Amino acid sequence: MIDLKDLRENPDRYRHAAQLKRIDVDIDTLLELDAKRRALDSTRQQLTAEKNSIGKQIAQLAGRLKSASPTEKSAVQEEMKNLQSRPTELKAQEQTLDAQVAEIDPRLMEILLRCAQPADDDVPVGRDDSENVEIKKWGTVRQFDFSPKDHMTLGSELNLIDVDRGVKLAGSRSYFLIGDGALLHQAVLRLAQDMMMERGFIPMTVPVLVREPAMVGTGYFPLGREQSYVMSNEEPAKYLVGTAEVSLTAFHMDETLDGKTLPRKYVGMSPCFRREAGTYGKDTAGLYRIHQFDKVEQVIICKNDIKESKRWHEEILQNAEAILQKLDLPYRIVKVCTGDLGQGQVAKYDIETWMPSRKSYGETHSASRFYDFQARRLNLRYRDEEGKVRICHTLNNTVIASPRVLIPILELYQNANGSITIPTALRPYMGNREIIGNA
RNA sequence: GGAGGAGUGGCAGAGUGGUCGAAUGCGCCGGUCUUGAAAACCGGUGGGCCAGCAAUGGUCCCGUGAGUUCGAAUCUCACCUCCUCCGCCA
C-alpha cells in the first residue's frame with residue numbers, strides 16, 4: 001500500500017506513477033474521499049469527546065450515589081437524569097456521521113489498494129517488456145553441430161515428460177514428470193535450497209493455501225485476483241498462492257520485529273499455482289507456461305532504508321546468478337521498465353535464460369524490491385535502535401523455478417545420440433549419474 | 001465431524017456495567033548504592049488515526065465485527081483462533 005499521507009502531499013507523484021505503470025486509478029476521487037473522511041472524523045471526535053466527558057460526570061455521580069444519604073440521593077439521581085439526555089442526542093448525530101463514513105471507507109480503500117507505488121528513479125521508462133533494458137549477459141550460447149531437439153521431443157523420447165496424460169487428468173497446461181524427469185526436477189530444487197542455506201537463508205515449508213489478507217498484503221489482490229485459484233467452499237475463502245513469496249513475506253504479518261533481528265532471510269520451496277488467465281494461445285507448447293510448478297523463492301525483510309534495500313536487491317540477484325552459473329546456463333539480466341513493473345514494485349530485474357527451442361532468452365527469475373509497499377499492507381513493522389516503530393522493507397527473487405528451468409537444461413545438455421548429460425552440480429542429487437538415456 | 005472450555009499490555013495474570021488504557025508480578029530502560037557486577041530501593045515503560053513546528057490535545061484499540069446501554073474489557077449475537085475429550089484420517 002502506498003502512504004496516504006504522502007499522496008495527500010504529493011498527488012502528482014502518484015498520478016505519474018500510475019500512468020507509467022499503466023494502472024488506471026482515480027487519484028482525484030481518492031483525495032476527495034480522503035478529505036471528506038477526515039472532516040467527518042474530526043466532527044465525530046468532537047461529539048465523542050463531549051459524550052465521554054458527560055459519561056464521566058455520570059460515573060462520578062454514580063459513585064457518590066453509593067455513599068449518599070437518603071436526602072442527597074434523590075438530588076443526585078435527578079442530576080444524573082438531566083445529564084443523560086445530551087448523550088442520547090450526540091449518539092444520534094454520531095450514527096449519522098458513522099453511516100457516512102461507512103459509505104466512504106470501502107470506496108476509499110478500494111482506490112487506495114489500486115494505487116501504484118512510484119518506480120525508483122533508476123528504472124527505465126517504457127511501455128512493456130519489449131522496452132526492458134539488458135544490463136548483463138553471462139555464458140556462451142551453445143552452437144550445435146547436430147540438429148537439436150526441443151525439450152518436449154526430448155522429454156517424450158526419454159519418457160521424462162507426459163503432457164498428454166497431464167491434460168487428460170487436469171486440463172490444459174498440465175503435465176507429469178516421470179522417472180529421471182521427476183528426479184531432475186527435484187535435484188534442481190534441492191540444489192537451489194542448499195545453495196541458499198549456505199548463504200544464510202532459513203529454509204521454510206509454507207502454506208500454499210492462504211486467506212485473503214495474505215494476498216492483499218503482498219499486493220497480489222485486488223488487482224491480480226483473477227490470476228489465483230480460489231477455494232470457494234471455504235468460509236472465509238482460501239486461495240492457492242502463485243509463489244511462496246506470499247507466505248514468506250506475510251509470515252510476520254501484524255508483527256513488530258526487533259530491529260536487531262533484521263534482515264530476515266527466508267528461502268521457501270513450494271508448489272505454485274497460476275491461472276494464467278488471458279494467456280490463451282500464448283506459450284502453449286511444452287513446460288514454459290503451466291498452471292502448477294515448484295519454485296524455490298528467496299525473501300528478505302529488512303530495515304526501512306533505501307540504501308539497504310538496494311544492497312539486498314543486488315544480493316538476491318547475485319544469489320540467482322550463482323545457481324545459473326553453477327548449472328552453466330547462459331543468461332542475461334534485464335532491468336524491467338516502468339510499464340512492465342508490478343503495482344507495488346519500485347524496481348525489478350528479470351533474469352532470462354537461453355532456451356534453444358525458443359531461439360531466445362526466456363524469463364526464469366524475477367527479483368523485486370518493494371520498499372515499504374508490502375510491509376505497510378501487511379502491517380509488518382520493527383522497532384529501531386531508538387525504540388521507534390517503523391515499517392519494514394521487503395524484497396524477493398526466484399532461486400529456481402522448475403520445470404521451466406528444465407527447458408534450458410534439457411535442451412542445452414542434450415547430446416547427438418538423444419541422451420542428456422546431467423549437469424555436474426546436479427549429479428550429487430541424482431545418484432552421481434552422468435547421463436540420462438543411453439550413452 | 002460431535003461435545004465442552006478459553007482468548008486482557010513483551011510475558012504471566014487480576015478485573016463480571018461506571019471515576020479502566022486497565023491492578024499486581026516478571027521482563028525491559030533510566031537512576032541511587034557499589035571498585036565493578038548482583039541484590040535492594042526509586043522512577044519510567046503499547047500501538048493506530050486526526051490536529052500541531054513542537055510541547056501537547058482529542059479519539060480508537062482488552063481475538064475480530066455487529067448490537068444493548070447515558071456508559072461495555074465486563075451483557076447479547078456472529079465470526080476467527082487455540083485447548084480438552086470423542087470420531088475419522090496422510
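The exercises below work through a helix and two aromatic pairs of this structure.

The model is predicted, so local features need pLDDT of at least 70 and side-chain atom pairs count only at pLDDT 80 or more, while totals for chains, interfaces and linings use all residues. Residues are numbered from 1 along each chain as its sequence is written, and side-chain values use heavy atoms, with hydrogens and water left out.

**Exercise 1.** Work out what span helix α4 (residues 70-112) should have, and compare this with the distance between its end C-alpha atoms.

*Solution.* Helices are DSSP runs (H or I, at least four residues), numbered from the N terminus. The expected span is 1.5 Å times one less than the number of residues. For the 43 residues of α4 this gives 63 Å, and the end C-alpha atoms lie 60 Å apart, which agrees.

**Exercise 2.** Classify the ring pair of Phe 251 and Tyr 266, and say how buried or exposed each residue is.

*Solution.* Rings of Phe, Tyr and Trp (its six-membered ring) pair if their centres lie within 6.5 Å, and planes under 30 degrees apart count as stacked, over 60 as edge-to-face and the rest as tilted. The structure holds five aromatic pairs. In the pair of Phe 251 and Tyr 266, the centres are 5.6 Å apart with 80° between the planes, hence edge-to-face. Buried means under 20% relative accessible area, exposed over 50%, and partly exposed in between (1.4 Å probe, protein chains only). Phe 251, at 44%, is therefore partly exposed, whereas Tyr 266, at 4%, is buried.

**Exercise 3.** Classify the ring pair of Trp 354 and Tyr 361.

*Solution.* The centres are 5.1 Å apart and the planes stand at 75°, so this pair is edge-to-face. Trp 354 counts as buried at 18% relative accessibility, and Tyr 361 is buried at 16%.

Key. Chains are lettered from A and ligands numbered from 1 in the order in which they are written. Helices (H or I, at least four residues) and strands (E, at least two) are DSSP runs, numbered from the N terminus.
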